[in-house]
Amino acid sequence: MRFCFCILLLCLLFLQPVMAQPEAYLGWFTDADIVNSSKLAAPAGAPKLVSGGTAGKCIDLPLKPIGLSLPTVGLEKYGIISFWIRPKWDGKVENGGSAHKILRMGDPGENGLLIEVNNAKGLLRFVMAGKNGSEKKITASRTDVSNWKAGDWHHVMVGWLEKDGSPSGLVIWIDRIPVVSTVFGGTQYMDPSSMSDNKLYLGDPSSGAYMDELIIRNSFETADCRGGTPIAYRDYFRTAPYTGIQITHKAQLVESDKRVVAGFNKQFGLIATKVVNVDKGTKTTEYVTCSDGPAGSCWETIDAKPYITWTTSDETKATVDADGLVTGVATTSKPITLKAGFRGMTATYPLSVIPVDQPDLDLMYVERTPRYRRGRNNTKVWPD
């Protein structure tokens with residue numbers, strides 16, 4: 001009986017659900033909505049949250065570095081760190097400037113990493129140091145940030161990953177665009193398990209900047225996309241300093257009829273207004289949806305569609321799917337309402353459905369020489 005009980009107990013233990021590792025670890029001041037994530041506790045002496053963040057409140061990087069404890073398993077092979085930064089200095093200072101340290105882990109000269117901006121040279125540097133036996137290796141990726149201005153918000157993401165069991169280099173994305181993707185022969189990554197202190201430190205007497213939406217990952221695989229660039233786009237869209245949205249009928253980035261034809265589909269998209277410079281109050285608009293591309297393609301993942309909700313006020317006239325694709329059901333005598341929601345903001349659009357026998361045609365282009373192909377016996381065959 002005791003033997004059977006022990007076997008049953010072992011079976012129950014093995015049947016217990018395995019707790020999956022979070023996709024991301026978030027700073028205590030981060031508002032990003034990532035389903036499988038874990039928010040890190042605010043460390044002792046953490047700076048108070050201040051208004052003016054990209055998606056809520058942010059922190060003013062402290063003069064005394066603040067250590068953030070986070071799980072470091074896997075960071076010796078793969079890692080992604082992203083955040084928004086609003087410097088109090090310009091990206092390039094003529095006849096002056098200095099190095100502004102933003103964050104670090106371990107010793108960047110022996111075993112660790114560092115992100116800093118040297119505005120004497122107008123460069124953002126991502127440094128990684130590690131040891132292969134007794135041999136020390138230091139690697140750095142650099143990108144031009146000389147166009148940054150004091151008060152501007154910018155999204156920064158850095159990454160490192162192994163390929164075939166060997167470190168392959170350091171990558172930098174600025175404002176969701178990959179700007180440096182360098183493969184370094186002989187690169188050695190940091191080893192957090194051998195650090196006497198493996199906290200992630202934010203701030204430095206030289207920082208002089210605000211930070212928001214800190215996200216740390218130890219894998220390039222996520223729940224809703226694959227690879228570093230899709231992650232950069234998704235994290236950018238879910239955290240950018242947007243203040244308003246509007247629906248566009250030109251989701252394919254070309255001129256288009258504003259209406260929908262009964263029995264046919266039409267793709268709609270979203271444009272968001274973004275704060276550029278907090279100090280000067282300047283704003284701009286940008287698309288948060290792009291061409292819908294082939295199903296399963298990379299372009300399908302570089303989009304804000306997963307974070308947008310779509311509805312119509314009368315589904316007997318038109319329906320809309322989760323990607324903003326509207327289907328005309330029946331003609332309308334007066335417009336119905338197409339509605340989109342994104343990060344707590346809403347936008348509406350007067351939606352008209354016209355009959356299939358009376359569509360409006362838009363002129364796309366005019367050619368001097370019509371297109372045709374050669375048929376049998378060298379005859380001209382006009383296209384269908």
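Me: How many salt bridges does a search of the whole structure find?
Reply: Keep in mind that this is a predicted model. Searching the whole structure for salt bridges gives a total of 15.

Me: Which side chain meets arginine 217 in a salt bridge, and at what N to O distance?
Reply: Arginine 217 sits in strand 15 (residues 209-217). Its partner is in the loop between helix 1 (2-15) and strand 1 (24-26), 194 residues apart from it, so to speak of distant parts of the chain is fair. That partner is glutamate 23, and the N to O distance is 3.2 Å.

Me: Is arginine 217 buried or exposed, and what is its relative accessibility?
Reply: The cut-off for buried is under 20% relative accessible area. Arginine 217 falls below that cut-off, so it counts as buried, at 2%.

Me: And what about glutamate 23, buried or exposed?
Reply: Its relative accessible area is 12%. Since buried means under 20%, glutamate 23 is buried.

Me: Which residues are linked with Glu23 and Arg217 in a network of salt bridges?
Reply: The Glu23 and Arg217 side chains meet in a salt bridge of their own. The network that holds this pair also takes in Asp235 and Arg238.

Me: Which residue meets glutamate 110 in a salt bridge from strand 9?
Reply: Glutamate 110 lies in the loop between strand 7 (99-107) and strand 8 (111-118). Its partner in strand 9 (residues 123-132) is 21 residues apart in sequence, so the pair ties those parts together. The side chains meet at 3.5 Å, N to O, and the partner is lysine 131.

Me: Which lysine in strand 10 makes a salt bridge with glutamate 110?
Reply: Here the N to O distance is 3.5 Å. The pair links distant parts of the chain, 26 residues apart, with one end in strand 10 (residues 135-144) and the other in the loop between strand 7 and strand 8. The strand 10 residue is lysine 136.

Me: What are the relative accessible areas of glutamate 110, lysine 131 and lysine 136?
Reply: Partly exposed covers the range between the 20% and 50% cut-offs. Glutamate 110 is partly exposed at 30%. Lysine 131 is partly exposed at 46%, and lysine 136 is partly exposed at 42%.

Me: Where does lysine 305 lie, and which side chain does its own side chain contact?
Reply: Lysine 305 is in the loop between helix 3 (298-301) and strand 21 (308-312). Its relative accessibility is 12%, so it counts as buried. Its side chain makes a polar contact at 2.9 Å with the side chain of aspartate 303.

How values were computed. Residues are numbered from 1 along each chain as its sequence is written. This is a predicted model: local features need pLDDT of at least 70, side-chain atom pairs count only at pLDDT 80 or more; totals for chains, interfaces and linings use all residues. Side-chain values use heavy atoms; hydrogens and water are left out. Helices (H or I, at least four residues) and strands (E, at least two) are DSSP runs, numbered from the N terminus. Buried means under 20% relative accessible area, exposed over 50%, partly exposed in between (1.4 Å probe, protein chains only). A polar contact is a pair of N or O atoms within 3.5 Å; within protein, one must be able to donate a hydrogen and the other to accept it, and residues adjacent in sequence count only if both atoms are side-chain atoms. A salt bridge is a side-chain nitrogen of Lys or Arg within 4 Å of a carboxyl oxygen of Asp or Glu.
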